[in-house]
Amino acid sequence: MVDPTATVCPRCAHQSVDLVFSSPVPGVWDVLQCPQCLYMWRTSEPDRRTRRDAYPEPFRMTAEDIRNAPEVPAVPPLRTA
């Protein structure tokens with residue numbers, strides 16, 4: 001069900017995306033992920049989450065933004081009760 005127009009990442013405009021999972025009911029939705037910025041989305045979400053031209057400009061990224069991003073902190077260990 002992957003829409004051929006969904007081959008561009010909505011967030012960073014990377015030119016390819018990976019199919020991560022398809023719905024148990026064939027053709028209902030797919031989960032896609034960008035290998036560059038790691039953004040994930042389900043194809044059944046609204047255009048503002050799935051299409052580059054509708055993705056909110058304040059949240060768009062470029063390859064340079066990704067290269068210059070600060071390191072993401074590690075997830076701390078779980079606390080024991």
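A residue counts as partly exposed when its relative accessible area falls between the buried class, under 20%, and the exposed class, over 50%. By that rule Asp47, with a relative accessible area of 40%, is partly exposed. The model described here is predicted.

Asp47 takes part in a charged group. The structure holds two salt bridges. In one of them, the side chains of Asp47 and Arg51 meet, at 2.9 Å from N to O. In the other, Arg51 pairs with Asp53, and the closest N and O atoms are 2.4 Å apart. Asp47, Arg51 and Asp53 are thus linked in a network of salt bridges. Arg51 is partly exposed, because its relative accessibility is 36%. Asp53 reaches 57% relative accessibility, so Asp53 counts as exposed.

Helix H1 spans residues 47-50. Thr50 lies in this helix. Its relative accessibility is 12%, so Thr50 counts as buried. Neighbours within four places in sequence aside, Thr50 is in contact with Pro10, Trp41, Arg42, Thr43 and Glu45.

Trp41 also belongs to the interior. The largest nonpolar core has nine residues. Four of its members are cysteines: Cys9, Cys12, Cys34 and Cys37. The others are Val17, Leu32, Tyr39, Trp41 and Tyr55. Cys9 illustrates how such a core residue is surrounded. With neighbours up to four places away in sequence left out, Cys9 is in contact with the core residues Val17, Cys34, Cys37, Tyr39 and Trp41. His14 and Arg52 are also contacts of Cys9.

Val8 is found in the segment before strand E1. Its relative accessible area is 24%, so Val8 is partly exposed. Leaving aside neighbours within four places in sequence, Val8 is in contact with Ala13, His14, Gln15, Val17 and Trp41. Val8 and Glu57 are 49 residues apart along the chain, and their C-alpha atoms are separated by 15 Å.

Ala13, a contact of Val8, is likewise placed in the segment before E1. Ala13 is not a glycine, yet has a positive phi of about 65°. Ala13 is partly exposed, because its relative accessibility is 26%. Leu38 also has a positive phi, near 70°, and is a residue other than glycine. Leu38 sits in the loop between E2 and strand E3, which covers residues 40-42. With a relative accessible area of 55%, Leu38 is exposed.

A second long-range pairing involves Met61. This residue is found in the loop between helix H1 and helix H2, the latter covering residues 63-67. Met61 and Arg11 are 50 residues apart in sequence. In space, their C-alpha atoms are 5.8 Å apart. Arg11 is among the residues that Met61 touches, once those up to four places away in sequence are excluded. The others are Cys12, Arg52 and Ile66. Of these, Cys12 is a member of the largest nonpolar core. Met61 itself counts as partly exposed, because its relative accessibility is 21% and the buried class ends at 20%.

Strand E1 and the loop that follows contribute further features. E1 covers residues 18-22, and Val20 is found there. Val20 is partly exposed, with a relative accessible area of 41%. Together with Phe21 and Met40, Val20 forms a nonpolar patch on the surface. The accessible area of this patch is about 270 Å².

Ser23 is placed in the loop between E1 and strand E2, which covers residues 30-33. At 8% relative accessibility, Ser23 counts as buried, since the cut-off for that class is 20%. The side chain of Ser23 reaches the backbone oxygen of Val25 at 2.4 Å. Residues up to four places away in sequence aside, Ser23 touches Val28 and Trp29.

Definitions and conventions
Residues are numbered from 1 along each chain as its sequence is written. This is a predicted model: local features need pLDDT of at least 70, side-chain atom pairs count only at pLDDT 80 or more; totals for chains, interfaces and linings use all residues. Side-chain values use heavy atoms; hydrogens and water are left out. Patches are made of residues with over 30% relative accessible area and no salt bridge: like charges are joined within 9 Å, nonpolar side chains (Val, Leu, Ile, Met, Phe, Trp, Tyr) within 5 Å. Accessible areas come from the Shrake-Rupley method with a 1.4 Å probe; for residues, only the protein chains shown count as cover. A salt bridge is a side-chain nitrogen of Lys or Arg within 4 Å of a carboxyl oxygen of Asp or Glu. Helices (H or I, at least four residues) and strands (E, at least two) are DSSP runs, numbered from the N terminus. Buried means under 20% relative accessible area, exposed over 50%, partly exposed in between (1.4 Å probe, protein chains only). A polar contact is a pair of N or O atoms within 3.5 Å; within protein, one must be able to donate a hydrogen and the other to accept it, and residues adjacent in sequence count only if both atoms are side-chain atoms. Contact means heavy atoms within 4.5 Å. A nonpolar core is a set of buried Ala, Val, Leu, Ile, Met, Phe, Trp, Tyr and Cys residues joined through side-chain atoms within 4.5 Å.
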